[in-house]
Amino acid sequence: MKRFFKFIFKALVWFIVITVLWVVVYKFVPVPYTPLMGVRASNGDENYQTKHQWESIDEISSYLQLAVICAEDQNFMNHNGFDYEAIEKAYEKNKTGKKLRGASTISQQTAKNVFLWPERSWFRKGMEVYFTFLIETLWSKERIMEVYLNSIEMGDGVFGAEAAAQYWFNKSAKNLTQYEAAAIAAILPNPRNYKASPASVYIEKRKAWIVKQMRYYGTFTLEEKKKNER
């Protein structure tokens, strides 16, 4: 029994060391490939192609940065990785038996997309919490946003802002307009079924709501918001 606990302790230590080093490496190095990309590729047919091109946050439109914050996580700049108020609201709504509502922050989505696999289980959720804590501790908010915008699924086989901008609007991510950025953000709940262009009536309504939120939230980039908070 003593040997068993010793083995468990060593395994836990190695797990922590490896995962922390993994997160530290991705603090500086572009993420080349994610588990979700692998899953989608393995499940796709012979015509499936993974579209992905890493771009620094300086080469991604500030409109898109703002659009995903307004659409996905308006408390992104203020929370520590978990929006407890949103979690409580989602819990209360889900208890009524209505359509399930999520409460994942941009930080949680980044942790899930980059380090984990797409599965609904308590174990995977626990791992998501762990990696969210690590990236919030070791990365800046700007880095979290940069990795998020380069790894999030934005279409069938389309990953990241640059690939999405090219796929949906035939232009670079840096040149996305406010409405184009809102259109991409609008499809994020189900990017394989929704289209940013041409947009359905539902996506057009959601896009209009996001643009309204963007105007209300402000036009600051993440860097400008940080400067204002100092």
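## Aromatic pairs

This predicted model holds 11 aromatic pairs. A pair of aromatic rings is described by the distance of the centres and the angle of the planes. Take Tyr130 and Phe131. Their ring centres lie 5.4 Å apart, and their planes stand at 75°. Planes over 60 degrees apart count as edge-to-face, so the pair of Tyr130 and Phe131 is edge-to-face. How exposed is each partner? Tyr130 is partly exposed, at 22% relative accessibility. Phe131 is buried, with a relative accessible area of 1%.

Tyr167 and Trp168 also form an edge-to-face pair. Here the centres are 4.8 Å apart and the planes meet at 85°. Tyr167 is partly exposed, with a relative accessible area of 41%. Trp168 is buried, at 12%.

Some aromatic residues gather into a group. Phe15, Trp22, Tyr26, Phe115, Tyr130, Phe131 and Trp139 form one aromatic cluster. Both Tyr130 and Phe131 thus appear in a pair and in this cluster.

## The chain as a whole

How many helices and strands does the chain have? There are 11 helices and 3 strands. Along the sequence, they follow the pattern α-α-β-α-α-α-α-α-β-β-α-α-α-α.

The chain has 230 residues, and 44% of them count as buried. Now look at contacts with a separation of 6 or more. Residues 24 or more positions apart account for 70% of these contacts.

## Helices H5 and H7

Helix H5 covers residues 106-115, and helix H7 covers residues 141-151. Their axes are 9 Å apart and the helices pack at an angle of about 55°. That angle makes H5 oblique to H7. The crossing of H5 past H7 is left-handed.

Which residues make the contact? From H5 come Ile106, Ser107, Gln109, Thr110, Asn113 and Val114. They meet Lys141, Ile144, Met145, Val147, Tyr148 and Ser151 in H7. The mix is 6 nonpolar, 5 polar and 1 charged.

## Inside helix H7

Is H7 largely enclosed or largely open? In H7, 10 of the 11 residues are buried, so the rest of the structure largely encloses this helix. The buried residues are Lys141, Arg143, Ile144, Met145, Glu146, Val147, Tyr148, Leu149, Asn150 and Ser151.

Glu146 is one residue of H7 to look at. Its relative accessible area is 12%. Buried means under 20%, so Glu146 counts as buried. What does Glu146 touch? Leaving out residues up to four places away in sequence, Glu146 touches Trp54, Glu55, Ser56 and Ile57.

## Helices H8 and H9

Helix H8 spans residues 161-169, and helix H9 spans residues 178-186. Their axes come within 11 Å and cross at roughly 105°. This makes H8 roughly perpendicular to H9.

On the H8 side, the contact uses Ala164, Ala165, Trp168 and Phe169. On the H9 side, it uses Glu180, Ala183 and Ile184. The contact residues divide into 6 nonpolar, no polar and 1 charged. Trp168 has appeared before: its ring pairs with that of Tyr167.

## Three places in the loops

Where does Asp73 sit? Asp73 is in the loop between helix H3 (62-72) and helix H4 (84-95). At 4% relative accessibility, Asp73 counts as buried. Beyond its neighbours within four places in sequence, Asp73 is in contact with Val68, His79, Asp83, Thr105 and Ile106. Look at Thr105 in particular. Asp73 and Thr105 are 32 residues apart along the chain, yet their C-alpha atoms are separated by 5.5 Å. Ile106, another contact of Asp73, also takes part in the contact of H5 with H7.

Asn170 lies in the loop between H8 and H9. Is Asn170 buried or exposed? Asn170 is exposed, with a relative accessible area of 65%. Its backbone is worth a look too. Phi of Asn170 is near 55°, a positive value in a residue other than glycine. Further along comes the loop between H9 and helix H10 (201-217), which holds Pro198. The peptide bond from Ser197 to Pro198 is cis, and its omega is near -5°.

Notes
Residues numbered from 1 in each chain as written. Predicted model: local features only at pLDDT ≥ 70, side-chain atom pairs only at ≥ 80, totals over all residues. Heavy atoms only, no water. Axes fitted to C-alpha atoms, helices over the stretch in contact; angles between N-to-C directions. Helix = DSSP H or I, 4+ residues; strand = E, 2+ residues; numbered from the N terminus. Parallel < 35°, antiparallel > 145°, perpendicular 65-115°, else oblique. Contact = heavy atoms within 4.5 Å. Nonpolar A, V, L, I, M, F, W, Y, C, P; charged D, E, K, R; others polar. Left-handed = near helix turned anticlockwise from the far one by under 90°. Buried < 20%, exposed > 50% of the residue type's maximum accessible area, 1.4 Å probe, protein only. Phe/Tyr/Trp six-rings, centres within 6.5 Å; stacked < 30°, edge-to-face > 60°.
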